[in-house]
Amino acid sequence: MNNYGNSFNAESAGPVSVGRRSLWKSAREFYPGGAYLAVSEAYPVGKTIPAGTPVSVDKPGGTPTFNSSTPDGLTYEDIYVGTDGATVTICTRGEIMVKRTDATITDAQKTALFGRITFINA
(Lines give C-alpha, C1' and ligand atoms only; values in the text may rest on other atoms or scores of the structure.)
Protein backbone atom coordinates (compact mmCIF):
# COMPACT_ATOMS: atom_id res chain seq x y z
CA MET A 1 0.00 0.00 0.00
CA ASN A 2 1.27 3.47 -0.85
CA ASN A 3 1.57 5.88 2.06
CA TYR A 4 1.89 9.13 0.17
CA GLY A 5 -0.27 11.67 -1.60
CA ASN A 6 -3.91 11.77 -0.60
CA SER A 7 -4.10 8.12 0.40
CA PHE A 8 -5.21 7.12 3.89
CA ASN A 9 -5.13 3.77 5.61
CA ALA A 10 -8.77 3.30 6.65
CA GLU A 11 -7.82 0.43 8.98
CA SER A 12 -5.80 2.73 11.26
CA ALA A 13 -8.51 5.18 12.30
CA GLY A 14 -12.23 5.74 12.24
CA PRO A 15 -13.99 8.27 10.03
CA VAL A 16 -13.03 11.90 10.37
CA SER A 17 -15.74 14.53 10.42
CA VAL A 18 -14.90 17.86 8.81
CA GLY A 19 -16.98 21.02 8.78
CA ARG A 20 -16.58 24.37 7.09
CA ARG A 21 -18.06 27.69 8.11
CA SER A 22 -17.86 30.48 5.61
CA LEU A 23 -16.71 33.90 6.77
CA TRP A 24 -18.28 35.76 3.85
CA LYS A 25 -22.00 35.53 3.08
CA SER A 26 -21.18 37.25 -0.19
CA ALA A 27 -18.22 39.05 -1.68
CA ARG A 28 -19.32 41.11 -4.67
CA GLU A 29 -16.41 43.43 -5.40
CA PHE A 30 -12.63 43.35 -4.95
CA TYR A 31 -9.93 46.02 -5.04
CA PRO A 32 -8.36 45.81 -8.53
CA GLY A 33 -4.95 44.17 -8.37
CA GLY A 34 -5.14 43.64 -4.62
CA ALA A 35 -1.89 44.34 -2.78
CA TYR A 36 1.53 42.82 -2.19
CA LEU A 37 2.98 42.33 1.31
CA ALA A 38 6.77 42.01 1.37
CA VAL A 39 8.59 40.13 4.11
CA SER A 40 9.69 42.60 6.79
CA GLU A 41 10.43 42.84 10.49
CA ALA A 42 6.74 43.56 11.15
CA TYR A 43 5.60 40.77 8.79
CA PRO A 44 8.18 37.96 8.99
CA VAL A 45 7.90 34.59 7.24
CA GLY A 46 5.20 32.56 9.00
CA LYS A 47 3.12 35.55 10.15
CA THR A 48 -0.63 35.21 9.62
CA ILE A 49 -3.07 38.08 9.11
CA PRO A 50 -6.65 36.88 9.64
CA ALA A 51 -9.40 37.18 7.05
CA GLY A 52 -11.60 40.20 7.73
CA THR A 53 -8.72 42.48 8.75
CA PRO A 54 -9.33 46.11 7.74
CA VAL A 55 -6.86 47.14 5.02
CA SER A 56 -6.09 50.15 2.89
CA VAL A 57 -3.79 50.33 -0.11
CA ASP A 58 -2.19 53.22 -2.00
CA LYS A 59 -2.64 51.81 -5.55
CA PRO A 60 -3.56 48.55 -7.30
CA GLY A 61 -0.89 45.99 -6.40
CA GLY A 62 0.55 48.44 -3.87
CA THR A 63 1.63 48.09 -0.27
CA PRO A 64 -1.17 47.31 2.21
CA THR A 65 -1.71 49.11 5.50
CA PHE A 66 -3.56 46.92 7.97
CA ASN A 67 -5.97 48.27 10.59
CA SER A 68 -6.01 51.80 9.20
CA SER A 69 -8.75 54.11 10.47
CA THR A 70 -10.14 54.56 6.93
CA PRO A 71 -9.84 51.14 5.26
CA ASP A 72 -10.58 50.47 1.60
CA GLY A 73 -11.98 47.06 2.51
CA LEU A 74 -11.29 43.84 4.41
CA THR A 75 -8.90 41.00 3.69
CA TYR A 76 -10.84 38.29 1.89
CA GLU A 77 -8.92 35.32 3.27
CA ASP A 78 -6.19 34.57 5.80
CA ILE A 79 -2.81 35.85 4.63
CA TYR A 80 0.21 33.64 5.28
CA VAL A 81 3.54 35.40 4.77
CA GLY A 82 5.90 33.10 2.89
CA THR A 83 9.53 33.51 1.84
CA ASP A 84 8.42 35.63 -1.13
CA GLY A 85 5.90 37.68 0.87
CA ALA A 86 2.18 37.39 0.23
CA THR A 87 -0.57 38.66 -2.00
CA VAL A 88 -3.56 40.36 -0.42
CA THR A 89 -7.09 40.06 -1.80
CA ILE A 90 -9.23 42.96 -0.61
CA CYS A 91 -13.02 42.72 -0.55
CA THR A 92 -14.51 46.19 -1.05
CA ARG A 93 -18.20 45.26 -1.25
CA GLY A 94 -19.93 42.35 0.44
CA GLU A 95 -21.41 40.84 3.59
CA ILE A 96 -19.23 39.38 6.35
CA MET A 97 -20.20 37.18 9.30
CA VAL A 98 -18.27 39.35 11.74
CA LYS A 99 -18.28 36.93 14.72
CA ARG A 100 -16.42 34.34 12.62
CA THR A 101 -13.29 36.43 12.09
CA ASP A 102 -10.26 36.59 14.36
CA ALA A 103 -9.64 40.16 13.20
CA THR A 104 -10.57 43.17 15.29
CA ILE A 105 -12.78 45.69 13.51
CA THR A 106 -13.50 48.93 15.36
CA ASP A 107 -16.74 50.88 15.17
CA ALA A 108 -14.88 53.69 13.35
CA GLN A 109 -13.66 51.20 10.71
CA LYS A 110 -17.19 49.84 10.31
CA THR A 111 -18.43 53.39 9.83
CA ALA A 112 -15.75 54.03 7.17
CA LEU A 113 -16.94 50.91 5.31
CA PHE A 114 -20.66 51.74 5.67
CA GLY A 115 -22.59 51.16 2.46
CA ARG A 116 -19.90 48.86 1.08
CA ILE A 117 -19.44 46.13 3.69
CA THR A 118 -22.38 44.82 5.69
CA PHE A 119 -21.47 43.37 9.09
CA ILE A 120 -23.72 40.46 10.07
CA ASN A 121 -23.58 39.40 13.74
CA ALA A 122 -23.30 35.68 13.09
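Here is a quick tour of strand 9, the loop after it and the nonpolar cores in this predicted model.

Let's start with strand 9, which spans 90–97. Of its 8 residues, 7 are buried, so the strand is largely enclosed by the rest of the structure. Its pairings look like this:

| Partner of strand 9 | Sense | Bridges | Opposed residues |
|---|---|---|---|
| Strand 1 (24–30) | antiparallel | 5 bridges | A27 and G94 |
| Strand 6 (73–75) | antiparallel | 2 bridges | L74 and C91 |
| Strand 10 (117–120) | parallel | 4 bridges | T118 and E95 |

As for the parallel pair, the chain gets from strand 9 to strand 10 by way of helix 1, and this β-α-β crossover is right-handed.

On that route, T101 sits in the loop that links strand 9 to helix 1 (107–112). Is T101 buried or exposed? It comes out at 11% relative accessibility; buried means under 20%, so T101 counts as buried. Its side chain reaches the backbone oxygen of A51 at 2.4 Å. Leaving out residues up to four places away in sequence, T101 touches L23, A51 and G52.

Now for the cores. The largest nonpolar one has 12 residues, including Y31, I49, F66, I79 and I90. Strand 2 (35–37), strand 4 (54–57) and strand 8 (86–88) each give two or more residues to this core. Another core, of 11 residues, lies apart from it, with L23, I96, V98 and I117 among its members.

Back in the 12-residue core, I79 has contacts beyond its neighbours within four places in sequence: K47, T48, I49, F66, A86, T87 and V88.

How values were computed: Residues are numbered from 1 along each chain as its sequence is written. This is a predicted model: local features need pLDDT of at least 70, side-chain atom pairs count only at pLDDT 80 or more; totals for chains, interfaces and linings use all residues. Side-chain values use heavy atoms; hydrogens and water are left out. A nonpolar core is a set of buried Ala, Val, Leu, Ile, Met, Phe, Trp, Tyr and Cys residues joined through side-chain atoms within 4.5 Å. Buried means under 20% relative accessible area, exposed over 50%, partly exposed in between (1.4 Å probe, protein chains only). Contact means heavy atoms within 4.5 Å. A polar contact is a pair of N or O atoms within 3.5 Å; within protein, one must be able to donate a hydrogen and the other to accept it, and residues adjacent in sequence count only if both atoms are side-chain atoms. Two strands pair if DSSP finds at least two bridges between them. A crossover is right-handed if, with the strands pointing away from the viewer, the path from the first strand over the helix to the second runs clockwise.
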